[in-house]
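Me: Could you walk me through this structure, and tell me how each label is earned?

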Amino acid sequence: MQTGSYINGKWFNPSSSQISRNINPADTSDVIAEFPLATEGDVRSAVDAAMAAFPLWKKTPGPERGRVLWRAADIARRRVDEIAQTLTREEGKILREAKGEVLKGIAVLEYYAGEGFRMHGKTLPSESRDTFTYTLRQPLGAVGLIAPWNFPWAIPVWKSAPAIVAGCAVVFKPSELTPATSALLAEIYEEAGLPPGVFNMVVGRGSVVGEAMVAAPQLRAIS
């Protein structure tokens with residue numbers, strides 16, 4: 001099971017000497033995975049990948065971006081049981097609630113897939129003759145997303161889907177306590193056709209990875 005970091009379309013293990021153990025809270029003898037924690041340098045690599053991917057993703061039409069999310073929803077629906085079981089084993093939520101969380105996330109993917117067709121600007125009356133006044137919605141750029149452990153599928157979807165469909169590139173930090181469920185989201189985005197660098201996942205401590213994200217001047221927003 002992949003639980004490491006994912007940058008520019010590739011899984012990799014950071015060179016950090018700090019190893020994190022992903023443990024089942026209901027059975028602490030069940031170690032789901034062990035992986036090295038990401039460093040500030042890994043955050044810089046993820047930011048660089050997002051910045052490089054952003055110009056082309058920004059130019060991709062909104063409906064086309066939305067179709068990537070729709071394919072992601074279809075893939076996730078085929079993998080509902082796998083995602084729910086991973087969530088339960090990793091986070092401790094009972095299976096029924098875990099499956100409900102997964103289905104909620106799929107509904108969010110479907111909703112934001114449709115937003116690719118609804119990113120309207122405005123036309124406005126002008127006081128000047130022969131003048132056409134209008135507004136356009138433009139993506140911010142590369143953005144940073146930080147999610148907690150308690151909804152390791154739904155919150156990453158709530159944060160990433162609107163950013164992706166709006167044309168932003170993402171640097172995402174899941175909780176180091178629940179990286180496996182979030183890693184499934186990275187796998188699904190890749191299978192759905194999201195270009196390398198548009199979604200990057202860096203697994204590490206908030207005091208290191210989170211701080212580096214907040215301090216990165218290239219990230220235009222933090223959620």
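Reply: Happy to! Let's begin with residue classes: Ala, Val, Leu, Ile, Met, Phe, Trp, Tyr, Cys and Pro count as nonpolar, Asp, Glu, Lys and Arg as charged, and the others, Gly among them, as polar. By that rule, the lining of the second largest pocket has four nonpolar, four polar and five charged residues. This is a predicted model, where local features need pLDDT of at least 70, side-chain atom pairs count only at pLDDT 80 or more, and totals for chains, interfaces and linings use all residues. Numbering runs from 1 along each chain as its sequence is written, and side-chain values use heavy atoms, leaving out hydrogens and water.

Me: What makes a residue part of the lining of that second largest pocket?

Reply: A pocket is an open set of points on a 1 Å grid over the protein atoms alone, where a 1.4 Å probe fits and protein lies on both sides within 12 Å along at least five of seven lines; a lining residue has an atom within 4 Å of a point. Here 13 residues line the pocket, and N22, I23, E90, L177 and T178 lie nearest its centre. Strand β3 (19–23) and helix α3 (80–91) each give two or more residues, with β3 giving the most, four.

Me: How much space lies in each pocket?

Reply: The second largest holds about 180 Å³ and the largest about 310 Å³, a volume being the space filled by probe spheres set on the points. The largest pocket has 15 lining residues, with M119, R137, Q138, P139 and A166 nearest its centre. Both α4 (95–115) and α5 (154–165) give two or more residues to that lining, which divides into nine nonpolar, two polar and four charged.

Me: Why are α4 and α5 called roughly parallel?

Reply: Their axes, lines fitted to C-alpha atoms over the stretch in contact, cross at roughly 10° and come within 9 Å. Angles run from 0 to 180 degrees between N-to-C directions, and those under 35 degrees count as roughly parallel, so α4 and α5 earn the label. Contact means heavy atoms within 4.5 Å; among the residues of α4 that meet α5 are L109 and Y112, and W158 is one of their partners' side.

Me: And what makes α3 roughly antiparallel to α6?

Reply: α3 and α6 (residues 179–191) pack at about 155°, with axes 8 Å apart. Roughly antiparallel needs an angle over 145 degrees, so α3 and α6 qualify. In this contact, E82, I83, T86, L87 and E90 of α3 meet P179, A180, T181, L184 and I188 of α6. Those residues divide into six nonpolar, two polar and two charged.

Terms used. Angles under 35 degrees count as roughly parallel, over 145 as roughly antiparallel, 65 to 115 as roughly perpendicular and the rest as oblique.
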